[in-house]
Amino acid sequence: MIRVHVDENRCVGAGHCVRAEARVFDQRDDDGIVVLLMSEAPDELRDALERAERLCPSQAIRIEVVA
Ligand code: SF4
């Protein structure tokens with residue numbers, strides 16, 4: 001299982017996370033700030049979540065692989 005953390009205060013609304021994995025990330029309509037749809041994601045999303053973490057320009061995403 002993958003635990004997903006987002007820091008709304010760091011987010012700049014770039015949207016790379018949504019493009020990487022739209023089942024886990026969304027953006028608020030008014031200002032584009034990230035909305036976390038799933039804080040505990042299945043292992044098969046690990047590659048996409050690692051990509052989201054890597055692509056986020058403001059280091060607002062942190063993922064944690066939980067055994
Ligand atoms: S990629 Fe990062 S900065 Fe962009 S919307 Fe997602 S969390 Fe926010």
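**Entry 1. Cavities**

I began by counting the cavities of 30 Å³ or more in this predicted model. The count comes to one. I then looked up the volume of the largest cavity, which is about 90 Å³. Its lining is made up of 13 residues, and those closest to the centre are Cys11, Ala14, Cys17, Cys56 and Pro57. I sorted the lining by class and noted nine nonpolar residues, four polar residues and no charged residues.

**Entry 2. The ligand**

Where does the ligand sit? I found the ligand in the largest cavity. I listed the residues that surround the ligand and obtained 14, the closest being Cys11, Ala14, Gly15, Cys17 and Cys56. By class, this shell has nine nonpolar and five polar residues, and no charged ones. I recorded that Cys11, Ala14, Cys17 and Cys56 are named among the closest residues to the ligand and also among the closest to the centre of the cavity.

**Entry 3. Salt bridges, the count and the first pair**

I next turned to the salt bridges and counted six. I examined Glu64 and Arg3, a pair whose closest N and O atoms are 4.0 Å apart. Which elements does this pair tie together? Glu64 belongs to strand 5 (residues 61-65) and Arg3 to strand 1 (residues 2-6), so the salt bridge joins parts that are 61 residues apart in sequence. I checked the exposure of both partners. Glu64 is partly exposed, at a relative accessible area of 29%, and Arg3 is partly exposed, with a value of 29%. I also noted that Arg3 and Glu64 are linked with Glu40 in a network of salt bridges.

**Entry 4. Glu8 and Arg28**

For the salt bridge of Glu8 with Arg28, I read a separation of 3.5 Å between the closest N and O atoms. Glu8 is in the loop between strand 1 and helix 1 (16-20), whereas Arg28 is in the loop between strand 2 (25-27) and strand 3 (34-36), so this pair ties together parts that are 20 residues apart in sequence. I looked up the accessibility of each residue. Glu8 is partly exposed at 44% relative accessibility, and Arg28 is partly exposed at 32%.

**Entry 5. Arg46 and Glu50**

I then examined a pair that lies within helix 2 (residues 46-55). Arg46 forms a salt bridge with Glu50, and their closest N and O atoms are 3.0 Å apart. How many residues separate the two partners in helix 2? They are four residues apart, which is about one turn of the helix. Arg46 is partly exposed, with 38% relative accessibility, and Glu50 is partly exposed, with a relative accessible area of 28%.

I also looked from Arg46 towards Arg3. These two residues are 43 residues apart along the chain, and their C-alpha atoms are separated by 9.9 Å.

**Entry 6. The loop between strand 1 and helix 1**

I went back to the loop between strand 1 and helix 1, which holds Gly13 as well as Glu8. Is Gly13 buried, partly exposed or exposed? I recorded Gly13 as partly exposed, with a relative accessible area of 25%. How far apart are the C-alpha atoms of Gly13 and Val34? They are separated by 6.5 Å, while the two residues are 21 residues apart along the chain.

**Entry 7. Ala20 in helix 1**

I placed Ala20 in helix 1. Ala20 counts as buried because its relative accessibility of 11% falls under the 20% limit. I took one C-alpha separation from this residue: Ala20 and Asp30 are 10 residues apart along the chain, and their C-alpha atoms are separated by 21 Å.

**Entry 8. Gln59 and its backbone**

I finally looked up Gln59, which lies in the loop between helix 2 and strand 5. Its phi is near 50°, a positive value in a residue other than glycine. I noted this value because most residues other than glycine have a negative phi. Is Gln59 buried or exposed? Gln59 counts as exposed, at 55% relative accessibility.

Terms used. Residues numbered from 1 in each chain as written. Predicted model: local features only at pLDDT ≥ 70, side-chain atom pairs only at ≥ 80, totals over all residues. Heavy atoms only, no water. Near = heavy atom within 4 Å. 1 Å grid on protein atoms, 1.4 Å probe; cavity = no way out; pocket = protein on both sides within 12 Å on 5 of 7 lines; lining within 4 Å. Sits in = over half its atoms within 2 Å of the grid points. Nonpolar A, V, L, I, M, F, W, Y, C, P; charged D, E, K, R; others polar. Salt bridge = Lys/Arg side-chain N within 4 Å of Asp/Glu carboxyl O. Helix = DSSP H or I, 4+ residues; strand = E, 2+ residues; numbered from the N terminus. Buried < 20%, exposed > 50% of the residue type's maximum accessible area, 1.4 Å probe, protein only. Points joined across faces, edges and corners; volume = space filled by probe spheres on them.
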